[in-house]
Amino acid sequence: MSEILSSLRSLMASHSPPLDALVVPSEDYHQSEYVSARDKRREFVSGFTGSAGLALITKNEARLWTDGRYFLQAIQQLSDEWTLMRMGEDPLVEVWMSDNLSEGANIGVDPWCVSVDTANRWGKAFAKKSQNLIPTTTDLVDEVWKSRPPPEMNPVLVHPLEFAGRSVSDKLTDLRAKLKQESARGLVIAALDEVAWLYNIRGTDVAYCPVVHAFAIVTTDSAFLYVDKKKVSNEVSEYFKGLGVEVKEYTDVISDVALLASKQLFSSFSSKSEDMEIDSDQTDRLWVDPASCCYALYSKLDADKVLLQPSPLSLPKALKNPVELEGLKKAHVQANKKKPTSETSKLTEVTVSDKLESLRAAKEHFRGLSFPTISSVGSNAAIIHYSPEPEACAEMDPDKIYLCDSGAQYLDGTTDITRTVHFGKPSAHEKDCYTAVLKGHVALGNARFPKGTNGYALDILARAPLWKFGLDYRHGTGHGVGSYLFVHEGPHQVSFRPSARNVPLQATMTVTDEPGYYEDGNFGIRLENVLVVNDAETEFNFGDKGYLQFEHITWAPYQVKLIDLKQLTREEIDWLNTYHLRCKDILAPFLNQAEMEWLKKATEPVSVLA
């Protein structure tokens, strides 16, 4: 690590102009949460493997910012050369740089790996001391990363209409209507899941995420895909021709964005005269999502003629069509297409995780996990996004809590579930904490709320039972889930973060319900189901707003031995019994006799007097 920092500081000093600081974000060219191996630059320089964070290297210091999910993990992984900065507790990175770097300091960043939003926010913060954000012409980390993995060269795959539920032509028609509505003549699309969703394609360029590294540009009468053409088979090429989508090299996007800005980008599927005629009816604006578009592309546009607004694809992607909803429900209960072999081995966090993956792999339409399984025993469960390693993982222990957060990618849907169990005798404190988490989980899942309500307003429902005891958790309560796409999907969320105010929940959205509690050095608890937002029938309709409610589509029992039933209300007891009855009914057709016996015992009704 010392050699890496020393090499970077040498490059910073020789840069023109010399850099006083270098920012190394977690994101790739598409501002992705999960990135491919060759894009893990922040991990390479810091040794911290979490999915979220930002590294800052100055002449004398190295600091890493990350959120509450990763505080414990970062403490364990960072060397003494690094200082951990806790998001939500320590100053924001731009505030720290503005306050601690000198007047006129030059702060370097790869403009491909920073969003327009972030670059603009930093620029404002730096202005008070005349500090400068310097876009580097090459990524300095890449220059010192001699063993950087090669680019992923996986094929572009067409996602069949039987799973997608909507045709590309329909999506393009709706998109162009939105462009016209906003008086924009084109849209630059950078988010990988939006490109995949719009064109009904999938790929395997990023672990756990069925996407391909690609950009897209859509104008009022043309559509482009920017991807390494070696990934495009003749069959897929014909698919795009049939759609009227022109396929160009991935690296052509930078020059084509410049051509788009000067009204000189033309598709081979439409004439120049037609393009010019349509453009003349529009204002000169181009639509860019400031959260997903990188600064490198934005810098090629005239800032005065850019519509900086959330992508018009984000919400339609989140609103699942009937085919996607049916697929998501099936993905949670699909029968195994083959029986996995049974093996005996030492039970560890890794072997149990591997066994679970083998069970998932035996299901129809399985395409891989949707994130690294969090299989954690005892104190490891207090590390919110713990990832066990074969050489250093814990053995299963009947006297300790076990938390498992897992999910998978299927052609018809994406899953994400967490259950916490104890194989011995849980302590009264563990039961109190589990019960508080369960009460919050049930309170959110049972909520009815007026249309227009956002996830920020609902987040308190999951936390209130924990707050009663002075407990809490450092992560959001819920995120959207893709349809064979990203397991974390926006634009909506259930969270204490201000961004959760931005988008109200709407019918046909998916969202997770996952409160938790984590006690450093002892244990962690989380319970998670995937929910679908549905219209609700209510006796009254105050304000004529209409009301919404949640439908659970995850089916796995809660461990009754971890619940202090005396702390549950009658309504909560009734909900638990009803949910367990549905678990038994839904899962029974897929289980053998031994499994069914276990399920019957796990779902036996409980009473308030128990």
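Is Asp174 buried, partly exposed or exposed? Asp174 is partly exposed, with a relative accessible area of 36%. The legends below describe close-up views of a predicted model.

**View 1. Asp174 pairs with Arg166 in a salt bridge.** The closest N and O atoms of the two residues are 2.6 Å apart. Asp174 has a relative accessible area of 36%. Arg166 has 22%. Each value falls between the 20% limit for buried and the 50% limit for exposed, so Asp174 is classed as partly exposed, and so is Arg166. A search of the whole structure finds 32 salt bridges.

**View 2. Asp193 and Lys317 meet in a salt bridge.** The N to O distance is 3.0 Å. The pair links distant parts of the chain, 124 residues apart. Asp193 sits in helix H9, residues 192-199. Lys317 sits in helix H14, residues 314-318. Asp193 and Lys317 are buried.

**View 3. Asp405 and Arg526 form a salt bridge.** Their closest N and O atoms are 2.9 Å apart. This pair, too, links distant parts of the chain, with the two positions 121 residues apart. Asp405 belongs to strand S17, residues 401-406. Arg526 belongs to strand S26, residues 523-526. Both residues are buried.

**View 4. A network of salt bridges links five named residues.** The members are Asp39, Arg41, Asp139, Asp142 and Arg148. Of these, Asp39 falls within residues 6-138, the span that UniProt lists as "domain: Creatinase N-terminal" in an unreviewed entry. That span is 32% helix and 20% strand. Its end C-alpha atoms lie 18 Å apart.

**View 5. Phe550 and Tyr558 sit in the largest nonpolar core.** The core has 53 residues. Phe550 and Tyr558 touch the most other members. Helix H17, residues 428-445, gives the most to this core, with seven residues. Apart from this core lies another, of 38 residues. Among its members are Tyr34, Leu175, Leu179 and Ala196.

**View 6. Tyr558 and its contacts beyond four places in sequence.** Which residues does Tyr558 contact, leaving aside its neighbours within four places in sequence? They are Arg419, Tyr434, Leu438, His441, Leu527, Asn529, Trp575, Leu576, Tyr579, His580 and Ala602. Tyr558 falls within residues 546-606, which an unreviewed UniProt entry lists as "domain: Peptidase M24 C-terminal". Over this span the chain is 46% helix and 10% strand. The end C-alpha atoms are 35 Å apart.

**View 7. Ile460, Leu461 and Trp467 form a nonpolar patch on the surface.** Together they have about 260 Å² of accessible area. Ile460 is in helix H18, residues 455-467. Ile460 counts as partly exposed because its relative accessibility is 42%. The patch falls within residues 345-534, annotated by UniProt as "domain: Peptidase M24" in an unreviewed entry. That span is 23% helix and 29% strand. Its end C-alpha atoms lie 44 Å apart.

**View 8. Val236 is buried in helix H10.** The helix covers residues 234-243. Val236 has a relative accessible area of 5%. That value is under 20%, so Val236 counts as buried. Leaving aside its neighbours within four places in sequence, Val236 is in contact with Val156 and Val158. Val236 and Val156 are 80 residues apart along the chain. Their C-alpha atoms are separated by 7.3 Å.

**View 9. Two cis peptide bonds precede prolines.** One joins Ser16 and Pro17, with omega about 0°. Pro17 lies in the loop between helix H1 (2-14) and strand S1 (21-25). Another joins Gly490 and Pro491, with omega about 10°. Pro491 lies in strand S23, residues 489-494.

**View 10. His365 and Asp544 have positive phi values.** Neither residue is glycine. For His365, phi is near 70°. His365 is in the loop between helix H16 (349-361) and strand S15 (366-369). For Asp544, phi is near 55°. Asp544 is in the loop between strand S27 (529-536) and strand S28 (547-552). With a relative accessible area of 68%, Asp544 is exposed.

Technical notes:
Residues numbered from 1 in each chain as written. Predicted model: local features only at pLDDT ≥ 70, side-chain atom pairs only at ≥ 80, totals over all residues. Heavy atoms only, no water. UniProt positions renumbered as here; feature names shortened; annotations may be inferred. Helix = DSSP H or I, 4+ residues; strand = E, 2+ residues; numbered from the N terminus. Core = buried A, V, L, I, M, F, W, Y, C linked by side-chain atoms within 4.5 Å. Buried < 20%, exposed > 50% of the residue type's maximum accessible area, 1.4 Å probe, protein only. Contact = heavy atoms within 4.5 Å. Patch = residues over 30% accessible without salt bridge, like charges linked within 9 Å, V, L, I, M, F, W, Y side chains within 5 Å. Areas by Shrake-Rupley, 256 points an atom, 1.4 Å probe, with all protein chains shown as cover. Salt bridge = Lys/Arg side-chain N within 4 Å of Asp/Glu carboxyl O.
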